[in-house]
Amino acid sequence: MLWVRVGVCGGTESFIRNLLDGFWQYDRVNEYVLFVSRDNEESFRGYERDGGGDLRLCVCPVDSASQPRRILWENLCLARWARHRQVDVMFIPVYSMPWTWGSRIPYVCVIHDLQAMHYPQYFSLPRRMFLRYEWGHACRRGYRILTDSEFCRRDLQRHYPRARDRIQVMYVPIPGGKKDEGADMAAKACDAQAGSSGEIRPRIRDLAGQEYDYCVSSLLPHKNLDTLLRTLERMCRQGVWGQRLLVISGVGGDVRQLEEKLEQYGIVRQVVLTGFVSDTERDYLYEHCRLFLFPSIFEGFGMPPIEAMRRGKRVVMTRCSSLEEITRGRGVYVDEPYDPAQWQERIQQAGELPPQREDFPEYEPESIVRQYQQLWKNMAQDRLKAASEGR
């Protein structure tokens, strides 16, 4: 968990915390040691305090906010710490698998997508070089490479064919389809460390009294927010948007540039930028929105459309990358993701459809945890077999 910078890492942090909630609630077989940093440990302390599964913390002498030092410490020290704590399997929930230094502990890591391969223009040259090195290292040395969708599996196999047989799809756990006791424990701890009480702020609560469409997104280029803003400008100019708002929540990217675009398009009064919202606030905004809009052109998985559909909201989105796959064809899809005219047509079409709550049992945390348990069991059997054969 050393990678987690609280309230900064967006969807990947949500993936990690949803998965930990699932282990805490549903796995009574395995013991988990969470290697955490000094500056994120409090956001994970609830697992030790609140009972549930067998999870305990190991606080490492490093801060997640200091990325170069954290990466150096992971590569020099993490394998030794794991060996001293008699860890059987090292699970790295991101792509950055450290050097194992002969520990003989098998590593499982998660590569969520290969975005820098598809959109190198969004990444600096040093960043692209770092990602390519880390992906290649994980695919060479990892016992298993997990990824979020069939789209990502095919992509990884194309770029790293030697790892073909070790790449496995493991969907992202998304709580909320059924009642999960304690499923929001990590989110509450995260809110507390980020300075939030877990309460809904008045400016968020007031939106329930207005008509609005909702979008959860970072402000990075591949999220394609500019097309959505141009669509809004077009609909306002034609007088078909009405009095409703477009509410956008998210972190990352150039907020000032986005605000300048709102001025340029003349839609400042129609758009509300919430910035970072707690999980409680995000769910509140899902519940009260008219439509959920997701203009992204590249996602390894994409949790927000599923979260919105589970709450009965119609979702207008692109077909790009994994999105049609993971939403099972149940959205309202834009075929031309950069075309404001088609976005307008699909938004108006979705607005005429009745609410429809969708069920996605394949993403339930309990289902995902059972798959991880089977993976851990298979790995244990492989190690016993290798030991009996003297390998």
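Buried means under 20% relative accessible area, exposed means over 50%, and partly exposed lies in between (1.4 Å probe, protein chains only). This is a predicted model, where local features need pLDDT of at least 70 and side-chain atom pairs count only at pLDDT 80 or more, while totals for chains, interfaces and linings use all residues. Residues are numbered from 1 along each chain as its sequence is written, and side-chain values use heavy atoms, with hydrogens and water left out.

**Exercise 1. Cysteines**

Task: Find how many disulfides the whole structure has, and look at Cys-139 and Cys-289.

Solution:
- Step 1: start with the rule, which asks for a pair of cysteine sulfur atoms within 2.5 Å.
- Step 2: run the search over the whole structure, and you get 0 disulfides.
- Step 3: check Cys-139. Its closest cysteine sulfur sits in Cys-109, 7.0 Å away, which is too far for a bond.
- Step 4: do the same for Cys-289. It is in no disulfide, and the nearest cysteine sulfur, in Cys-215, is 11 Å off.
- Step 5: add the cover. Cys-289 counts as buried because its relative accessibility is 4%, and Cys-139 is buried at 4% as well.

**Exercise 2. Helix α12**

Task: Work out whether helix α12 (residues 303-310) is mostly covered or mostly open, and see what comes just after it.

Solution:
- Step 1: know what a helix is here: a DSSP run of H or I with at least four residues, while a strand is a run of E with at least two, both numbered from the N terminus.
- Step 2: count the cover. In α12, 8 of 8 residues are buried, so the helix is mostly covered.
- Step 3: pick out some of them; the buried residues include Met-303, Ile-306, Glu-307 and Arg-310.
- Step 4: step past the end of α12, where Gly-312 has a positive phi of about 85 degrees.

**Exercise 3. Salt bridges**

Task: Trace which parts of the chain are tied by the salt bridges of Arg-311, Arg-310 and Arg-328.

Solution:
- Step 1: set the rule. A salt bridge needs a side-chain nitrogen of Lys or Arg within 4 Å of a carboxyl oxygen of Asp or Glu. The count by this rule is 29.
- Step 2: take Arg-311 and Glu-287, whose closest N and O atoms are 3.6 Å apart. Arg-311 is in the loop between α12 and β11 (314-318) and Glu-287 is in helix α11 (residues 279-288), so this pair ties parts 24 residues apart in sequence.
- Step 3: compare their cover. Arg-311 is buried at 16%, whereas Glu-287 is partly exposed at 38%.
- Step 4: widen the view. Both belong to a salt-bridge network with Asp-279, Arg-282, Asp-283 and Glu-307.
- Step 5: turn to Arg-310 and Glu-364, bridged at 3.8 Å, N to O. This pair links helix α12 to the loop between α14 (340-351) and α15 (365-388), 54 residues apart. Both partners are buried.
- Step 6: finish with Arg-328 and Glu-362, at 2.9 Å, N to O. Arg-328 sits in the loop between α13 (323-326) and β12 (332-334) and Glu-362 in the loop between α14 and α15, so parts 34 residues apart are tied together. Arg-328 is partly exposed at 30%, and Glu-362 is partly exposed at 21%.
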